[in-house]
Amino acid sequence: MRKLGAIAIGGILTAAFASAALADFPSRTVTYVIPFNPGGASDETARMKESFFTELTGQQLVISYRPGAGGAVGWANLNDYAGDGYTIMGVNLPHIITQPLLGGVGYETDDIVNIHIFHYTPHALVVRSGSEFETLEDLIEVASSNPGALTFAGSGSHSANHLAQQAFDQLAGVTTTYVPMSGAAPAQAALLGGHITGAWLDTASVARLGDQVRMLAGAMEERISLFPDVPTFTELGIDLVGGTHRGVAVPQSTPPELRTAWSELIAAIATDPEFIEKMEAGGYVVTNIRYEDMDAFMSDRIQDYTNLLEQMGVLN
Amino acid sequence: MEILAYLAAALTFENLLYALVGVVLGTAIGALPGLTATMALAVLVPFTFTMAPASAMIALGAIYTGALYGGAYSAILINTPGTPSAIATTFDGFPLTRKGEGSFAVSLACVSSVAGGLIGGLLLLMLAPPLATLALAFGPVEYFWIALLGLTLISAISEGNVLKGLIGGCIGLLLSMVGAAVMGGDLRFTFGTPHLVGGVEMISALIGLYCIPILIDLVAEPERGLFTGKRTTHVPLRRTLKASWDGKVNLLRSGAIGTLVGALPGAGGSIASLVAYSEVRRSSRQPEKFGKGAPEGLQATESANSATVGGGFIPTLVLGIPGTPPDAVILAAVMVQGVRTGPELFSSHADIAYTFIFGLLIATIFMFPVGLVLGRWAYNIVADLPKALLVPTVAFMCVIGSFAIHNNINDVRMMVVLGVFGWLMSRLGFGPSPIVLGLILGPIAEQGLVQGFLIGGASGNVLGMFFGRPISLVIILLILLALAYPLLFRRSRRGNYDASE
């Protein structure tokens, strides 16, 4: 017992020292590396945090870019940065799970120290507003009697959009054709041009398309304020909940107290009502998965995505 | 007359200042190889956060316009496209410089860019909704055919040695396959190294293949200078304006092509200028002049790539789909300001949309004086620097430029490797342009082909998918014309000889 007590006291002392050292953290400019090109959702949601971060800490958050191979170039280099808390990097799920599973990208999922996930964009099944499909039931009915005839565009292969399409096919018991496009913009153009039946997008990109499109269902837990009339998949009896999660990671050499400090900082931004309002107006769903809950969250996701990729037959 | 009120809103002192500063900064950044319009925008975006939304968009639009034009400087003066959309500008721009006409070429590029920019901007102002509808009629199959149309340029730019041109094109197509495939996600030709998963970086390839061989040649041959002709001492303004007036049909047509291709999400400036170049060459009475310093070629490419600015904003503003990568940055910047873009922009924020379009037109007009002055300056630097300084300076810029793309040393390595490869190829008589055409157009053709098969297969009519759609048929006709034209042309000229004998 005495030993345990000593450890506890030691722990408290360490924590006290750490928090004293952290009282003025961050004390200079922080670099926020986005492993994608500027202009995407990762960039946009990083920039949304800028002014809140400055207000909170008095320091600047400088966004820089290290794009390539769908984010893999940045993540493969994450641990080369100094672990002093002044470099953080954006992370996206399912990317950081599916890329290493599919192989050859130069990093493993475990190499990445995720410290906080602050929002997600739920999958959205979308048709254009002139489409014959008014409801998800209509679409499933036609899809089940015509296997493979309905085509759905999405951004890239083995991407969040592709996984959503695969999961939907399994859950709804239908077969549809997925048409990978080189990005979200070409997929949306193919959708509006009527070249395909529909598209797997996410709520944020649907928000930008306005009434040109009809979202048949979204993969959020409950309906969101921007689309009050759009049902969730769960409401319609299809257990599809998920999307692209975006968060922040630090290099492995970053000490635990700095990891927690960052998680707290981002949580403080992502619980600010003004920030939440801004994000929701753009179709983003704010969530707060903190550092201490990260392992449990990640192992669930790894399980899900591994199963999906196995069923798709793309894992060796 | 609400529209005049929007014009007045664009004409405030602040907005004019933003437009002017934006054009100057954009031109300067775009002139450096490797620093693209997208990067220029991303770096300067934070400065716009404190501005009103319409002013922010004007500043960003001005930077974008300037950066595309700035890319022409390095293309014309040192044969290195500063941005991918300036590739075709090297075809005739650099031969003009070689002849000692660099100053004329830079001024001509300026006037052509202003013309193209105005055409794109005016079409955006007046015809945005119908042009957006037209752009949407282009599906995956049409993208495939457009990429093929671009590839037919290989036969045009390698006249006299079509076989080597075709081999170069095939090398480019092979290089374009390196990395993770968009369709299917397979890793191709990566040889197990993660450095190749991202594929061959376009800017590294441009700098390496175009610039490095020239630098090596300059160093290897002590007698050789960048120019053969005399250095001009004044801006040949009158000559430039006369050439522009004479080429007005070309400027208009290329501007229209640039606007339409720019409005196709995912196609972008590089293809617009290639298609415009191919068209002006095909319709010329003297196609053999092209590639050897034909002013018409330069006019076509610069008019077309500047028109993609206005064109790209058509889907961006009307549909909410960014037409080009820089548009995506501008969209995101405006979103951060709390303005919802997309179809609602014109109805609920018409003031912002129209003020922005007028701002873009004003920035384009500013480009005329700014471009002439900066162009003159750039020409003087390149012309006055002794070779012993010019070569290391350009080499340094090549390294910085390829590093700046992604802050990644691997892009520099790729630039150097491709540079040495390009030099060896040029010794064997292979030019860089067919390789680069293959590299750019390969992925677009491949994706369009596979998407066409998937969609056609789902409806059970693959052939009809590729050959049964009106726009496809028009593009196929253009491809056939481009391919058959040299044959027909040769025959008719032989006919003339017969008549004169």
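These exercises work through parts of a predicted model.

**Exercise 1. Two helices**

Find how helix 12 of chain B is oriented to helix 14 of chain B, and which handedness their crossing has.

Solution.
Step 1. Locate the helices: helix 12 of chain B covers residues 248–262, and helix 14 of chain B covers residues 295–318.
Step 2. Take the geometry. The two axes come within 6 Å and cross at roughly 40 degrees.
Step 3. Classify the angle. Under 35 degrees would count as roughly parallel, and 65 to 115 as roughly perpendicular. Helix 12 of chain B is therefore oblique to helix 14 of chain B.
Step 4. Add the handedness: the crossing is right-handed.
Step 5. Look at the contact. Helix 12 of chain B contributes residues including B:N250, B:L251 and B:S254, while helix 14 of chain B contributes B:E296, B:Q299 and B:A300, among others.
Step 6. Sort the contact by class: 7 nonpolar, 14 polar and 1 charged residues.

**Exercise 2. The side of chain B that touches chain A**

Describe the residues that chain B brings to its contact with chain A.

Solution.
Step 1. Count both sides. Chain B gives 45 residues and chain A gives 48.
Step 2. Name the elements. Helix 3, strand 1, helix 15 and helix 20 of chain B each supply at least two residues.
Step 3. Pick the largest share: helix 15 of chain B, with 7 residues.
Step 4. Sort chain B's side by class: 26 nonpolar, 18 polar and 1 charged.

**Exercise 3. One residue**

Decide whether B:L463 is buried or exposed.

Solution.
Step 1. Place B:L463: this residue lies in helix 21 of chain B, residues 462–467.
Step 2. Count neighbours. B:L463 has 8 C-beta neighbours inside 10 Å.
Step 3. Apply the cut-off: 12 or fewer means exposed. So B:L463 counts as exposed.

Key:
Residues are numbered from 1 along each chain as its sequence is written. Chains are lettered from A and ligands numbered from 1 in the order in which they are written. This is a predicted model: local features need pLDDT of at least 70, side-chain atom pairs count only at pLDDT 80 or more; totals for chains, interfaces and linings use all residues. Axes are lines fitted to C-alpha atoms, for helices over the stretch in contact, and angles run from 0 to 180 degrees between N-to-C directions. Helices (H or I, at least four residues) and strands (E, at least two) are DSSP runs, numbered from the N terminus. Angles under 35 degrees count as roughly parallel, over 145 as roughly antiparallel, 65 to 115 as roughly perpendicular and the rest as oblique. A crossing is left-handed if the near helix is turned anticlockwise from the far one by less than a right angle, and right-handed if clockwise. Two residues are in contact if their C-beta atoms, placed from the backbone, lie within 7 Å. Ala, Val, Leu, Ile, Met, Phe, Trp, Tyr, Cys and Pro count as nonpolar, Asp, Glu, Lys and Arg as charged, and the others, Gly among them, as polar. A residue is buried if 20 or more other C-beta atoms lie within 10 Å of its own, exposed if 12 or fewer, and partly exposed in between; C-beta atoms are placed from the backbone.
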